[in-house]
Amino acid sequence: MMKILVAVKRVIDYNVQIRVKSDGSGVETENVKMSMNPPDENAVEEALRIKESGKAEEVIVLSIGNEKSQETIRTGLAMGADKGIFVKANDNCEPLSIAKIMKKIIEKEKPQIVLMGKQAIDDDCNQTGQMLSALVEWPQATFASKLEIKDSTLFVTREIDEGLEKIEINLPAVITCDLRLNEPRYASLPNIMKAKKKPIETLSAEDLEIDTSPRIKLIKVEEPSKRKKGIMVNNVSELVQKLKHEAKVI
Amino acid sequence: MVQIYKAPLKDMKFLIRDFINSESNKIYKNSNIEQNDLEMILDEAAKLCEEILLPINQSGDIEGCKLEHGIVSTPKGFKEAYKNFTENGWQGVSVNEKYGGQNLPYFLNMFLDEMISSSNMSFGLYPGLTSNAIEAIEKNASEDIKNLYLPKLASGEWSGTMNLTEPQCGTDLGLTKTMATPQKDGSYKLTGTKIFITCGEHDLSKNIIHLVLAKTPNAPKGIKGISLFIVPKIIPNSDGTLGENNSLECGSIEKKMGINASPTCVMHYNEATGWLIGDLNKGMKAMFIMMNGARLMVGVQGLGMAEIAYQSALHYAKERLQGRSLNGSKSLDKQADPILVHPEIRKNLLKIKTLTEGLRGLMAWTGLQVDIAKIEKDKFNKQNADDWVSLMTPIIKSFATDVGCEATNLAVQIYGGHGYIKDHGIEQLVRDARIAPIYEGTNGIQALDLVGRKMPMHTGRLLKSFFHEVKEYIEKNSFNYNLKDFMPLLIKSYTRLQQVTAFIAAEGLKDPDEAAGAAVDYLKMFALVSIGYVWTKYAEISFNKLNNDPEGFYKAKIESGKYYMTKLLPETGSLMSSILSGAKSYNKYNDEYFDLGFKI
Ligand SMILES: Cc1cc2nc3c(=O)[nH]c(=O)nc-3n(C[C@H](O)[C@H](O)[C@H](O)COP(=O)(O)OP(=O)(O)OC[C@H]3O[C@@H](n4cnc5c(N)ncnc54)[C@H](O)[C@@H]3O)c2cc1C
């Protein structure tokens, strides 16, 4: 029976209006509602469904970041995951560091499937899953919107620019999830209470001997410039003119 | 545009972290729960309310319930929502673990109920009535009945109702006619008609468990001869599976002003099988045990309605452009300023905001006292907590439901004509909120309960639980410089309340109609002073938090508090004048005079 490892990230809640810190060093996270990264919720949901169908026996949620990331692990446990792993690391770990940490966890836990969100809504990197797949030399299926497991083969439908792509890959594999994959469940009240009793193992990036120092230098964060006021055009030919000469898009 | 609502999680967390924390630790220590868990539960419940219940609030009102061949169908989306709600365990929040519940603190349950009422008051009645039934059964029934019914009710698989009202019998339950005849096997056969039964019949749960007040053949007359019975729609077998249909039916459902997605049923019992709950002829006692809880929860409905009214009106006030600020235009790039610039709009918004936030604290504190009374070992402390709850119950039920009505009406006013038409769903809020001052004991009856029962009870001991606490607080803080804008006003209104209390007690002894006449005004005064006390405490807490207040949350609390203390609390003055002038002007008014204006 197999194990599933799900990576979840603590990000600013998608409902929150982001405010840039006045010194331009980043965005305000103090006193701001934080939640599980939305596509990571799809990943947890999918893992739970695989387990409920009898194809897996354990779902482990992993989060890497500051102490508060344990709350996000709790959310995963409250949805129904069996245990948590928390790796303490500095706040702004880059995808490569995360992928390296995950590789260590994979070596330790030996899951057959790694599920994660296709990207995090805070930095929108969309890199960690791909890097992880290269590091562990497993096949990858990114932007998954449908998953089916038959023995050790995974049938995956991927959301790509041209439409839907269907692929078959072998397990073990890394899968990154699209929002269309499923509808994440609400945590039930009994599960929230049970989650308190489920184990969370705590490690740190240093324990795992991963250097998480950034390779990218952040210079400045600023708000996007305000959108200019729209104008009404009188007819189609005026529109075409403007698209051609002013917007220069056609 | 539709009704706007996000659960006021920040305000609730403020109450948990900063306001009730002085005493709530007692509760956490006694159970397996921590403050963090409460916040996670609130977050999850908020999602359910915002994403599942709110979207079917307006559509449920428009579609309403339908009765066909004895079966009531609920509006679109209600079945799915109920399934989601019950499968995720929300029915069992404060039910004993023995019956599958989570036994969580009562004050938490009040926060959850507030969110449910804001997002869909009609929906909230289905699980709400079940909760009432659970409490009545848990506190009064035999072990057999508890074991058979409570697990199914706690999971929401079955739902519950309360059957008190009959056509000739509303407030005065002594007029009950429904008859329960004892059978050889220890059961009873019930015959009679009950009206206005909320969720008496519907398609959300597999079985409906009716709790029915009735008289036995030789029972004493009036209120002393009433007993409580459990009468299931489908009679369960002893293993909990469903057996035969009982002989009862829903004859019709009312067309009514609001809460249209909840059926208000006429129930006919035709020799229906039932079992006695609690002692014979002690039905009223059994009802009273659960009544505090039920009444507090109706108060919570009022608060919930005020909150959604506030959020919707605020949203609109920021978007709607009409007129210019008298103090120079605020939005020069626009054709007009948002109506939020106009003093009257601001005043009304703050009125709703400060009443709801103040009430929320008063309720959380009272809910906590319910929890404390349950676990407290020290006899005096337990009694004090119990006294506070008994005293505050009529005050909260009545005042909060009145605030619900006033707030929803003010929201319509802020929307103007756009509030009066149906599109925005604001007039619905007025209609939905309007029932709360009526059911679960009308607000007039609450006021009589305060003045006629709670005030004299144990020679004024209940009053002391409030007066002593505030007095101590005043003595401790009267030289607190931070509170210089608060204490004098609190002291003034507190003194007025004391004076009026003494007046009513004295006049009431001479003529009970004097006390009864003053009751509603007195209850309002009491509520205003209690909330003034809450706002003063908020301010005290907030002043100590100003050094780490990036969003200005605590600063805003202080400013809101100043509004309350200077704009709303002074109403205690006019209420006092009115009360002190006595009740003769209406009690002694000649009955003949009432119709002289139109009599031919
Ligand atoms: C939508 C809806 C849902 C309801 N749900 C339920 C339910 O689930 N179960 C149930 O049993 N009932 C239910 N009721 C009934 C409700 O509780 C009663 O309507 C309420 O108790 C008042 O009774 P009444 O309507 O007969 O008014 P009355 O008792 O006739 O009262 C009329 C007026 O007289 C006043 N009054 C009456 N007696 C006194 C007195 N002694 N002193 C001073 N003033 C007095 C009242 O305050 C009120 O203003 C519901 C009603 C509605 C409309």
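Two strands are said to pair if DSSP finds at least two bridges between them. The questions below apply this and similar criteria to a predicted model.

Q: How many bridges join β4(A) and strand β5 of chain A, and in which sense do the strands pair?
A: Pairing requires at least two bridges. Between β4(A) and β5 (residues 83-88) of chain A there are six bridges. Within this pair, I60(A) stands opposite K83(A) in β5(A). The count is thus six bridges, and the sense is parallel.

Q: Which residue in β4(A) stands opposite A7(A)?
A: Strand β1 (residues 2-7) of chain A is joined to β4(A) by six bridges. These two strands run parallel. Opposite A7(A), in β4(A), stands L62(A).

Q: Which helix of chain A makes a β-α-β unit with β4(A) and β5(A), and what is the hand of the unit?
A: The two strands of the unit, β4(A) and β5(A), pair in the parallel sense. The helix of the unit covers residues 69-79 of chain A. The helix is α2(A), and the unit is right-handed.

Q: How many residues of strand β4 of chain A are buried?
A: A residue counts as buried if 20 or more other C-beta atoms lie within 10 Å of its own. Strand β4 of chain A spans residues 56-65 and is mostly covered. Of its 10 residues, the number buried is eight.

Q: What percentage of the residues of chain A count as buried?
A: Chain A has six helices and 11 strands, and its C-alpha trace spans about 65 × 45 × 40 Å along its principal axes. Among its contacts between residues at least 6 apart in sequence, 71% join residues at least 24 apart. Of the 250 residues of chain A, the buried portion is 36%.

Q: Where in chain A is P172(A) found, the residue that a cis peptide bond joins to L171(A)?
A: The peptide bond between L171(A) and P172(A) is cis, with omega about -5 degrees. The strands on either side of P172(A) are β9 (163-170) and β10 (173-177) of chain A. P172(A) therefore belongs, by the DSSP runs that define strands, to the loop between β9 and β10 of chain A.

Q: Is K248(A) buried or exposed?
A: K248(A) is found in the segment after α6 (236-245) of chain A. Although K248(A) is not a glycine, its phi is positive, about 50 degrees. Because K248(A) has 8 C-beta neighbours inside 10 Å, it counts as exposed.

Q: Which element gives the most to the side of chain A that touches chain B?
A: The contact takes 12 residues from chain A and 14 residues from chain B. On the side of chain A, the elements that give two or more residues are α2 and α5 (189-195). With four residues, the element that gives the most is α5(A).

Q: Is E440(B) buried or exposed?
A: E440(B) lies in the loop between α12 (426-433) and α13 of chain B. Its phi is positive, near 60 degrees, in a residue other than glycine. Because E440(B) has 23 C-beta neighbours inside 10 Å, it counts as buried.

Q: Which elements of chain B do the buried residues of α13(B) pack against?
A: Helix α13 covers residues 443-454 of chain B. Its buried residues include N443(B), L448(B) and V451(B). They pack against α10 (379-415), α14 (461-477), α15 (487-510) and α16 (512-543) of chain B.

Q: Which residues come nearest to the ligand?
A: β3 (158-163), β5 (188-198) and α13 of chain B each supply at least two residues of the shell around the ligand. By class, this shell has nine nonpolar, eight polar and one charged residues. Of the 18 residues around the ligand, those that come nearest are L164(B), G170(B), T171(B), T198(B) and T442(B).

Q: Which element supplies the largest share of the side of domain 1 of chain B that touches domain 2 of chain B?
A: The C-alpha centres of domain 1 and domain 2 of chain B lie 24 Å apart. Their contact takes 27 residues from domain 1 and 26 residues from domain 2. On the side of domain 1, α4 (57-63), β2 (71-73), α5 (78-87) and α6 (106-140) of chain B give two or more residues. The largest share, 13 residues, comes from α6(B).

Note on methods: Residues numbered from 1 in each chain as written. Chains lettered and ligands numbered in written order. Predicted model: local features only at pLDDT ≥ 70, side-chain atom pairs only at ≥ 80, totals over all residues. Buried ≥ 20, exposed ≤ 12 C-beta atoms within 10 Å, placed from the backbone. Right-handed = clockwise from strand over helix to strand, strands pointing away. Contact = placed C-beta atoms within 7 Å. Near = placed C-beta within 6 Å. Nonpolar A, V, L, I, M, F, W, Y, C, P; charged D, E, K, R; others polar. Domains from an automatic or database assignment.
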